[in-house]
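Welcome, and take a moment to get your bearings. Let's walk through this structure together, one part at a time.

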Amino acid sequence: MFDSTTKAGNLKSGTGKVSPKWWGAKGDGTHNDTKSLQNLFSIGNIKIDFPAGDYYATDSLKLHWSSITTMDYGSIIKSSTTDRPGIIVGSYVAANLVAM
């Protein structure tokens, strides 16, 4: 498992993408993935690919402006709150999380 101090450039898969699961996200819909996702999202200049799964976050997630994020069919980020924006890129709200 990695954290925000890990250099992602040396960890990319053969496809040039990194997975949130490498940072400890479970994607099972019940495990709190907030810390794992935010640690990954804080790294800049990477391609993040979400494999299918239900990722659960309890707070807004701030995506580094220079990263690219793709989500495979069947992947979703869910939130237990509706009073905060979902994913923030820099200072802009990019998407809302799906409330549970």
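D54 and K78 form a salt bridge, and their closest N and O atoms are 3.3 Å apart. Keep in mind that this is a predicted model. Side chains of opposite charge can pair when their charged atoms come close. How many salt bridges does a search of the whole structure find? The search finds one. D54 belongs to strand 3 and K78 to strand 6, so this pair ties together parts that are 24 residues apart in sequence. As for their surroundings, D54 has a relative accessible area of 27%, which makes it partly exposed. K78 is partly exposed too, at 22% relative accessibility; buried would mean under 20%.

From here, follow the strand that holds D54. Strand 3 covers residues 53-57, and four of its five residues are buried, so "mostly covered" is a fair description. Which strands pair with strand 3? One of them is strand 6, residues 75-79, which runs parallel to strand 3 and is joined to it over five bridges. Within this pairing, G53 stands opposite S75 of strand 6. Strand 1, residues 28-32, also pairs with strand 3 in the parallel sense, over two bridges. There, N32 faces Y56 of strand 3. In a regular strand the side chains alternate between the two faces of the sheet.

Now let's turn to the nonpolar residues. The largest nonpolar core contains 15 residues, and I48 and F50 have the most contacts inside it. Helix 1 (34-41), strand 2 (47-50), strand 3 and strand 4 (61-63) each contribute at least two residues to this core. Helix 1 provides the largest share, three residues. To see the surroundings of F50, set aside residues up to four places away in sequence: F50 then touches P20, L37, F41, Y55, T69, T70, M71, D72, S75 and I77. S75 is also the residue that stands opposite G53.

Our last stop is L40, a residue of helix 1. Is L40 buried or exposed? Its relative accessibility is 0%, so L40 counts as buried. Beyond its neighbours within four places in sequence, L40 is in contact with V18, S19, P20, W23, I46 and I48. P20 is a residue you have already met among the contacts of F50, and I48 appeared with F50 in the core. Finally, look for G24: the C-alpha atoms of L40 and G24 are 9.6 Å apart in space, while the two residues are 16 residues apart in sequence.

Definitions and conventions: Residues numbered from 1 in each chain as written. Predicted model: local features only at pLDDT ≥ 70, side-chain atom pairs only at ≥ 80, totals over all residues. Heavy atoms only, no water. Buried < 20%, exposed > 50% of the residue type's maximum accessible area, 1.4 Å probe, protein only. Pairing = 2+ DSSP bridges. Core = buried A, V, L, I, M, F, W, Y, C linked by side-chain atoms within 4.5 Å. Contact = heavy atoms within 4.5 Å. Salt bridge = Lys/Arg side-chain N within 4 Å of Asp/Glu carboxyl O.
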